[in-house]
Amino acid sequence: MAPRYYSISSAPSVHGSRIHVTAVVVRHPTGTKRIHTGLCTGWLARIAASPDHAVACFVRRSAFKLPVRLDAPMLMFGPGTGVAPFRGFLHELRALSRAGELSDEESLRILYYGCRRLDVDSLYHDELLEAHDDRVLSHLHVAESRAVPDTRTYVQHKLREAENAALAATLLLENDDTHIYVCGDARQMAKDVHDALIEAVAAHHRAANPALSESDARVEAESVLAKLAQTGRYQKDVWY
């Protein structure tokens with residue numbers, strides 16, 4: 001059986017040797033009206049009542065880490081269980097802040113989180129609000145995809161809002177240390193967030209140079225994101 005990989009949602013400075021993961025039990029009806037339960041998440045749910053149950057696991061090396069400069073601007077996209085690594089980031093940053101190891105100046109750390117509805121399936125919302133109140137998180141944008149009937153709002157739609165798109169483009173073009181982090185669904189969300197970032201940067205280019213064609217502006221925007229990826233400042237932790 002192939003291993004299942006989960007993002008770590010804890011911080012060593014806060015949780016010590018304990019490792020937290022964030023997973024939702026896969027459970028849905030099949031075409032034959034049987035209920036399919038995810039093999040691994042279903043098993044984890046069944047043993048949750050037995051804290052002494054042994055679980056075989058290992059930790060992989062990852063480049064998905066906080067910036068070396070902790071005051072670097074951060075754009076984070078983590079709908080659903082994709083919020084997992086950002087919970088770990090925020091726990092670590094809050095611990096550093098309490099220890100006086102963060103700059104007194106508020107850094108731009110922007111999190112785009114998504115769920116169906118906050119009162120139904122949000123994850124760690126109280127913790128995210130606390131991080132925002134502590135100014136460890138400067139901006140918290142929540143996309144509730146099922147809050148309005150017949151309307152779907154996802155993190156990429158929040159990013160496309162004029163003020164948010166302008167701020168993202170400014171950070172990417174005018175700050176040499178801005179980091180982008182995307183965690184979650186690779187099939188749709190990660191692609192749509194990437195496209196929204198391209199649109200934001202291209203719009204910034206065209207505003208600065210009206211003679212620039214839409215296609216040329218997009219090419220320049222794609223080059224900006226490619227350079228970020230090459231230098232390790234555009235990180236993805238995604239799954240299919």
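**Exercise 1. Cysteines**

Determine why Cys-57 forms no bond with the closest cysteine sulfur in this predicted model.

Solution. Start with the closest cysteine sulfur to that of Cys-57, which belongs to Cys-40 and lies 11 Å away. A disulfide needs two cysteine sulfur atoms within 2.5 Å. The sulfur in Cys-40 is therefore too far from that of Cys-57 for a bond. A search of the whole structure agrees, with zero disulfides found. Cys-40 is likewise in no disulfide. As for its surroundings, Cys-57 is exposed, at a relative accessible area of 68%.

**Exercise 2. Two helices**

Describe how helix H3 and helix H5 are placed relative to each other.

Solution. Locate the helices: H3 covers residues 84–98 and H5 covers residues 125–133. Their axes come within 11 Å and cross at roughly 40°. H3 and H5 are therefore oblique to each other, and the crossing is left-handed. Next, list the residues that meet: Arg-87, Leu-90, His-91 and Arg-94 from H3, and Glu-127, Leu-128, Glu-130 and Ala-131 from H5. Sorted by class, this contact has four charged, three nonpolar and one polar residue.

**Exercise 3. Positive phi**

For Tyr-124 and Asp-150, state the phi angle, the location and the exposure.

Solution. Take Tyr-124 first. This residue is not a glycine, yet its phi is positive, about 60°. Tyr-124 sits in the loop between helix H4 (118–121) and H5. Its relative accessible area is 23%, so Tyr-124 is partly exposed.

Now take Asp-150. Its phi is near 65°, again positive in a residue other than glycine. Asp-150 lies in the loop between strand E5 (139–144) and helix H6 (155–160). With 81% relative accessibility, Asp-150 counts as exposed.

Technical notes:
Residues numbered from 1 in each chain as written. Predicted model: local features only at pLDDT ≥ 70, side-chain atom pairs only at ≥ 80, totals over all residues. Heavy atoms only, no water. Axes fitted to C-alpha atoms, helices over the stretch in contact; angles between N-to-C directions. Helix = DSSP H or I, 4+ residues; strand = E, 2+ residues; numbered from the N terminus. Parallel < 35°, antiparallel > 145°, perpendicular 65-115°, else oblique. Left-handed = near helix turned anticlockwise from the far one by under 90°. Contact = heavy atoms within 4.5 Å. Nonpolar A, V, L, I, M, F, W, Y, C, P; charged D, E, K, R; others polar. Buried < 20%, exposed > 50% of the residue type's maximum accessible area, 1.4 Å probe, protein only.
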